[in-house]
Every structure is written in structure tokens, then in C-alpha cells.
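Visitor: I'm new to this one and would love a close look at a single part of it. Could you bring it up so we can start?

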Amino acid sequence: MTTVLAVDLGSASGRVLAGTLHEGRLDVTDIHRFKHEARRREDGTLTWDVATMEAETITGLKKALEQFPDARAVSIDTWGVDWAPLDERGELVGDVVAYRDERTSRTLDAFRDRIGDREFFDLTGNQPATINTANQLFAFLQENPADAQRVAAALFLPDYFAYRLTGVVGWSRTIASTSGLLTPGGGDFNAEVFDRLGIPRGWFGDLSADRTVVGPCTIPGLETLTVVRGGAHDSACAVHGLPIEEGKRAYFLSCGSWSVLGAIEDQPLMSDAAFDLGITNEGRTDGGVRPLFNITGMWILQEIQRQWEREGTPTDTDELVAQARELPAASGTFDPDEEAFATPGDMQRKIDQALDAQGAARPDSMAGYVRVIIESFARRYARAIGELTEATGQAPDQLNLVGGGARNRLLCDLTAQISGVTVVRGPIEASTFGSLLAQLETIGALAEEDRASVIAASAATHVHVPTRS
């Protein structure tokens, strides 16, 4: 029996969980959950509250050791692209600025003067985007030159928290592969990108593979834990924990506030079609590549519910989805990727306008709007599966759908039906599940070839098969 711990930090909340491997089964225990939020400084800069994230992580790990005193290891994963500047003493230089801060938009033209959009894709395998670490670093150098002079190291966010637990500075491959600083496929840092953008190469050391040891934890009360790289990027962790039968070709869809759809490949996709579709190539925990693209996520449903509640009508997501399930097919749908749906506010009006434009009837109930939203996402996912098949040249046998969207059976049913591809729903907490498995492999408690059998024995899944009309 072996227990390891996982810290999964999202952009609005965090959690600490324990995983115990016993007789070929991984049992997961929820230990500690907390909320945090980005904050605006007086000058308008959007920053992360990393102090709260760190304190709550330590609190959660101490709770975990109270319950599982023999726990051996811990790994931390976060969202991609964000980074922390450290000085020569290992202290933060100012705040950790969030990827949504407007500084990268202000410096975008100057960035493009150094590296054009298509050239950036060719150099890195990542899509050009203002949120990329490369863009953030360039903006930092342009707008905060005095602070930049004090920086000795730039750590990606999960590596920063691993450093805070161990005192060891390092750079994990999966999280670095989201940055726009590596060669295509995440082989190593790309010296040309650093040179062209004027980013000091000395801010970054050697790239470390995932499933390696960072070092012993030095926090008082946590010294029995070893910190490992169990897949520093949350999406990489999720893919590592997917239930895929041997010989099956699977695409994955991580469906939450934002949706990420991708394939599991050995080499990056670098074709014209891949660039035109917006595919970005990120690393897998086991060393492969995840060609993927982003789709506006279920936050549209969350946003319309917030609107209704502001207007005085309480909502219950499960009840609304159940009611929507009993309704006939929507008379019209919308494209979730349209620019209007990327910004908050008045979501019902935006849906009405999209339906009006195509002569479709407006819903006459909240459940009707939920039906339109879910069906719109299912159609967008089906189209994305077709686009990814065109880019990879191989259709999938199944779509593994994980994340919060895996709780939505109507979404899974409609996605299977419209795409014609079998949908395997779950595990919902896939990122944590993958992190725990990777840790067990790292410390030698689980053989890589046994991972699939442990997933099959442990993961709660449901299969949605497309029906013939």
C-alpha cells in the first residue's frame, strides 16, 4: 500500500488530494479545498495571490499527513503560461502577474515586429497568443525594465511552488511546453526565440523531464514528503490518467470553464492545416506530444446562470440540465467561439441575437436556453473532432471527456450523437488522477506498463455510444 499526494491549483480554486494504491486499485481521498482570486493593484495590474495559494497548499498537505502519515510524495500542477520572477536571493521580484493582464496586448505590435505569427508557430509549435509566457516576458522587459534588472530566474508557476516547498529551482517540460519558449514538441528551450525577443537565457536553466524527483520537502512538518514532477501542467496530468484500451486511438476533451480538445501523438503537428486550425503542440507527462486547440468553454452556461441570479432567479445546474434533457432538439444553435461569447455580461441577449440572425426561435424557458447552449457546444466539439482528424490524418476510436463537463450527461450524449464518435466520460478529476499515477511511477510503486490496468480498476467512467437514426 502506497499513498501519494496531489496539489491541483486552478485559476480560481485549489485542492489537495491523496491517492492510495492497494492491490491494483487507486483510491482517491479529498483532503482540502480552497478558493483564491486574481487581484487588481492600484495601477490596474492583474496579479495572482500566490501567498494564499502557498499557505493553503501547506495547510492541505499537513491535513493530508494527519490522515495519511505514511504518504511518500507530492506533486503540484497548475494551469499553463504564468511565471514567477525571482531575484538572486530566491525572493519574488514584485508580484506574479496574471496571463489576462493587458500588458501583453499593449506590447503585441512590438512583439510581432520581432517574430511574426506564423514564424512563431514554426519556431515553437505553439500558437501565437498574448497569454503565452514568451509574450509575458517580452512585455515585462518592455514595461518593467528596472524590475527585470533584478531577476535572476523565471520559474513557471508549478515549479515556483515546488521551489517554495524544497528550495530547488527547476523547469518542468510539460509546463514549459505551454510557454512559446521551446522547440516544437518541447525538446528544449529555443535559443532563437530568446535572442529575437531579448529575453535573457540565463533566467532559465536546463529543462527537466516529468516523472523525476525535485527534492525533499523542507517545510516544517512536511519533511517526510518527497516533491516530484508528476506532470506540472493540469492538462498533461489529465491525459496521463485517461482510460484508453490498448490499440484504441483516442482524442481527449478537457471540458471546464474553457475546453481543450487534442490528440495523443509522438511528434508535433506542424502543417499549414495545423496552424490554420489554431493547433498548439504541448508536452505529455510520458514524453510524447499533445497537439490541441482551445474552444470557449462551459463558462457561457455559468455566465447566463450568473445573469439569472443577479436578476433574482436562483438556478441549479443539475436540475436545469435534467429539464433540458427532456426538451426536443433546439431550433437553432450558435458558435461558442464567436467573439461576442468571449466576454462576460448579458449572455441571454447574445444568444437571442445569434438565434434571431438565423431565423430560429428563442427559447421560452431557462431550460430551453440551457438546451441551446449544450447543443451548441456538442456541435462545436463535433466540428473540432473533424478538424483534428483532418490535421492528424487519423480518426479517433473514442473521445475521452474529462473535467467538469463530464458531469453533464446531456453534453456527452449529444457530442457522441452529433460527432458519431463514442464518448468515454470520466474520470471527472482526471488531472489529479494523472498526477497521482505519475508520482507512483516516479517513486517506483507502479510500473508504467501497469498504469492502464490501474486506471481500468479505479476510474469511474461511462460510455456514450452514438445511436443510429
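Visitor: Here's what I'd like to know: which element gives the most to the lining of the second largest cavity? Take your time, and show me what lies around that spot too.

Guide: Happy to. Keep in mind that this is a predicted model. The element you're after is α10, which puts 3 residues into that lining. The second largest cavity holds about 30 Å³ of space. Its lining is made up of Ser-235, Ala-238, Val-239, Leu-242, Phe-252, Ser-254 and Val-402. Besides α10, the strand β14 (250-255) also supplies at least two lining residues. Sort the lining by class and you get 5 nonpolar residues, 2 polar ones and no charged ones.

Now stay with α10, since it turns up again. This helix, residues 234-240, gives two or more residues to the lining of the second largest pocket, and so does α18 (451-458). That pocket has a volume of about 520 Å³. It is lined by 19 residues, and those closest to its centre are Leu-242, Ile-244, Ile-264, Asp-286 and Arg-451. You've met Leu-242 already, as one of the residues lining the second largest cavity. The pocket's lining has 8 nonpolar, 3 polar and 8 charged residues.

How about the other cavity? The count comes to 2 cavities of 30 Å³ or more. The largest cavity has a volume of about 90 Å³. Of its 15 lining residues, Pro-158, Asp-159, Ala-162, Ser-172 and Arg-229 are the closest to the centre. The elements giving two or more residues here are β6 (73-78), α7 (157-166) and β13 (226-228). The largest share comes from α7, with 4 residues. By class, this lining splits into 9 nonpolar, 4 polar and 2 charged.

Let's step back to the domains. The assignment for the chain gives domain 1 as residues 2-230 and domain 2 as residues 244-425. Their C-alpha centres are 27 Å apart, and the contact takes 18 residues from domain 1 and 20 from domain 2. About 1,500 Å² is buried between the two, with carbon and sulfur atoms giving 53% of that area. On the domain 1 side, Arg-118, Phe-121 and Gln-127 lose the most area to domain 2, together 33% of what that side buries.

Arg-118 deserves another glance. Side chains of opposite charge can pair when their charged atoms come close. Arg-118 forms a salt bridge with Asp-272, and the closest N and O atoms are 3.0 Å apart. Between domain 1 and domain 2, the count is 1 salt bridge.

Searching the whole structure turns up 36 salt bridges. One of them pairs Glu-429 with Arg-33, at 3.0 Å from N to O. Glu-429 sits in the loop between β19 (422-425) and α17 (430-442), while Arg-33 belongs to strand β3 (residues 25-35), so this pair ties together parts that are 396 residues apart in sequence.

Two backbone details round off the tour. The loop between β19 and α17 is also the place of Pro-427, which is joined to Gly-426 by a cis peptide bond with omega of about 0°. Then look at the loop between β2 (13-22) and β3, where Glu-23 lies. Glu-23 has a positive phi of about 50°, although it is not a glycine.

Key:
Residues numbered from 1 in each chain as written. Predicted model: local features only at pLDDT ≥ 70, side-chain atom pairs only at ≥ 80, totals over all residues. Heavy atoms only, no water. 1 Å grid on protein atoms, 1.4 Å probe; cavity = no way out; pocket = protein on both sides within 12 Å on 5 of 7 lines; lining within 4 Å. Points joined across faces, edges and corners; volume = space filled by probe spheres on them. Nonpolar A, V, L, I, M, F, W, Y, C, P; charged D, E, K, R; others polar. Domains from an automatic or database assignment. Contact = heavy atoms within 4.5 Å. Buried area = accessible area lost by both parts, 1.4 Å probe. Salt bridge = Lys/Arg side-chain N within 4 Å of Asp/Glu carboxyl O.
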